[in-house]
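I opened the model and kept notes on what I looked up, entry by entry. The entries follow below.

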Amino acid sequence: MARFPKGYVKPTDSCDSCLAWGHFSGRLCPTCYMFGRGHDAAECAGCRRVQPLKWDYCRLCWCQARLGAKTADGQAAEGQDVRERLAAVRHQQLFFVGMHYRKSTAPAARTRGGRRGAPRKPPPAPACCPGPGWRQLPLFAQIPRDYSRLALADADLASPWLAWAKYLAHRLAETRGWGRNIRFAVNRGLALVLTGYVEGDVIRHTEIFAPLRALDLPVGHTITVLDEMGIFEDDSEPSFERWLAERLEGLAPGIRSEAERWTRVLRDGGPRSLPRREGTVWLYLNRVRPALLEWSNPYDHLREVTRDDVLTYIKRLHGHQRHDQLVALRSLFTWAKRSGLIFRNPTSRIKVGQYEYAVLQPLVPEQVNRSVAAATTPATRLILALAAVHAARVAQIAALVLDDVDLGNRRLTIAGRVRPLDDLTLKLLLDWLDYRRRRWPSTANLHLLINSQTANTTGRASNHWISASMRGQDATLERLRVDRQLEEALTHEPDPLHLAEVFGLDEKTAMRYADSARALLNQAAEQPLQ
């Protein structure tokens, strides 16, 4: 697929289907794109082109027949008259995009305070769960349904379950700020999956995911409505299970089962251990995997691994790699000893050693200027200020909500700590709030930073989206955060207590910043004057 440079705008062109001239994105005009989604392609009976057909004729022939079937006063004819004119089409009158269906040359009058065009459709009538009636109890368990065989044209629009679903979808759309396109697509998806629904059946994720995706219908929003109805079952395989099976591949059967049990205890917790974060579980298993792969060749169980094997393996490691892998191995074998899987812990009395951190270095002005130039949107400018001025982490920025902003008192709460708002952050915050209000006026998401995906939900933006603007720069958000804390230590003396109070740092982290600041100050004092 061809890649266009940033800011590229497609020039005015003709549609590949109806040959209409105008400004649109892609190969087809919007009308032909929607026409092609609902009709199969074949050879047209009129123009002999291979195009999506409706009753054996393409959209261009339909446009010409509609033009020829107009009445004397220029009004559009009935559908039957248009179909009778299809066989008489012998030429094509080209037209501009968006002008073919105009009924008159005079612009439509716009009423004060109203909308141009057709009036807004009324909301669906209030509906509730259909009452339980007489039904034949199933003899066997529910048979999986093949929703791919259903077509939108065959949907049962009179189903009471669909009426209830549409009413719930309307309420969710009002509370969560779903746009018109999302509402329309959700109603189409509900009509598809609720056709033939019988009370007591369960709609499963694996059955509806592929059919809805094939029709470009929103799976997540449709599932939200079905879950609200209480008839949805999420039987999809969690991503953690797929990742765990991939990471354990290649290990000996005995070592594999023991490593899997240890990983699940880390994630879910045990009788004498608290559950760890999923990111920590990933790190631990990734760190012990090279050693377990090496020991899977001569051994079948962890109890066969000796102290000499551990020492031989870690002798090839250096620096933080040795430290991290040895910590993970000690966690694995300590759990195995406590669970009675091994007789002796081969990692006991092997010193991990104190991790020696390098001296933190401040950023140079050129690196910061390039990151500032890369922030071109109100969201990225605010994210940059939160990291560079307030030393906020990526996860803390993503977790900010509107209640954390107190514009009247010029205060901002980050991770539970109240901070004063400086003039720069206040200006960028006001710019973002104004843009957010104009871009998503109906959103119900209470998080401060939202995007096109999270504006229709209540969840926060991902860490990947928050840090995407500075990715590839020398001054990333993490380095800007570190530079801000190091600057505080250099400006207000290397005092760990002051750093811990201002930024809420752990005592060891505050001491690390203080040591780096002290080393930089001593290095600057030892340099001769120019």
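Entry 1, a hairpin. I began with the hairpin of β8 and β9, which has two residues between its strands. There A415 takes a positive phi near 55 degrees. I note here that this is a predicted model. I then looked at how the two strands are joined, and found four bridges between β8 (residues 411-414) and β9, in antiparallel orientation. One pairing I wrote down is I414, whose bridge partner in β9 is R417.

I next asked in which order the three strands of this open sheet lie. The order is β7-β8-β9, with antiparallel pairing. β7 (405-406) and β9 (417-420) are the edge strands, each of them pairing on one side only. As a reminder to myself, strands of a sheet pair through backbone hydrogen bonds, either parallel or antiparallel.

Entry 2, a helix and what follows. I checked the span of α18 (residues 477-491), which has 15 residues. From its first C-alpha to its last α18 reaches 21 Å, close to the 21 Å expected at 1.5 Å a residue. Which residues of α18 are buried? I listed L477, L480, R481, V482, D483, R484, Q485, L486, E488 and A489. The list includes charged residues such as R481, D483, R484 and E488. Just after α18, I found E493 with a positive phi of about 70 degrees.

Entry 3, nonpolar cores. I looked up the largest nonpolar core, which has 35 residues. The members that touch the most other members are W262, L285, V288, L292, W295, L302 and F333. I then asked which helices each supply at least two residues of this core. They are α8 (239-247), α9 (253-268), α10 (278-295), α11 (307-314) and α12 (319-338).

I took L292 as an example and listed its contacts, leaving out residues up to four places away in sequence. L292 touches L251, I255, A259, L302 and L332. L302 is thus both a contact of L292 and one of the residues that touch the most other core members.

A second, separate core has 34 residues. Among them are L363, A398, L400 and L480. L480 also appears among the buried residues of α18.

Entry 4, two loop residues. I looked at L217, in the loop between α6 (205-214) and α7 (219-229). Is L217 buried or exposed? L217 has a relative accessible area of 5%, so I put it down as buried. Leaving out residues up to four places away in sequence, L217 touches A185, R188, G189 and L212. L217 and G189 are 28 residues apart along the chain, and their C-alpha atoms are separated by 6.2 Å.

The other loop residue was T195, between α5 (180-193) and β5 (203-204). T195 counts as buried because its relative accessibility is 11%, and the cut-off for buried is under 20%. The side chain of T195 reaches the backbone nitrogen of D156 at 3.2 Å. D156 is also in the contact list of T195, together with R145, L150, D154 and A155, not counting residues up to four places away in sequence.

Entry 5, salt bridges. How many salt bridges does a search of the whole structure find? The search finds 18. I wrote out some of them.

The side chains of R27 and D16 meet in one salt bridge, at 3.2 Å from N to O. R27 is in the loop between β2 (21-22) and α1 (30-37), and D16 is in the loop between β1 (13-14) and β2, so this pair ties together parts that are 11 residues apart in sequence. R27 is exposed, with a relative accessible area of 56%. D16 is partly exposed, with 39%.

I then turned to R204, whose side chain meets that of E207 in a salt bridge at 3.5 Å, N to O. R204 and E207 are both buried. A salt bridge also joins the side chains of R204 and E233, at 3.7 Å from N to O. R204 lies in strand β5 and E233 in strand β6 (residues 232-233), so the pair ties together parts that are 29 residues apart in sequence. E233 is partly exposed, with a relative accessible area of 35%. I closed the entry by recording R204, E207 and E233 as linked in a network of salt bridges.

Notes. Residues numbered from 1 in each chain as written. Predicted model: local features only at pLDDT ≥ 70, side-chain atom pairs only at ≥ 80, totals over all residues. Heavy atoms only, no water. Core = buried A, V, L, I, M, F, W, Y, C linked by side-chain atoms within 4.5 Å. Buried < 20%, exposed > 50% of the residue type's maximum accessible area, 1.4 Å probe, protein only. Contact = heavy atoms within 4.5 Å. Pairing = 2+ DSSP bridges. Polar contact = N/O pair within 3.5 Å; in protein donor to acceptor, adjacent residues only side chain to side chain. Salt bridge = Lys/Arg side-chain N within 4 Å of Asp/Glu carboxyl O. Expected span 1.5 Å × (residues − 1).
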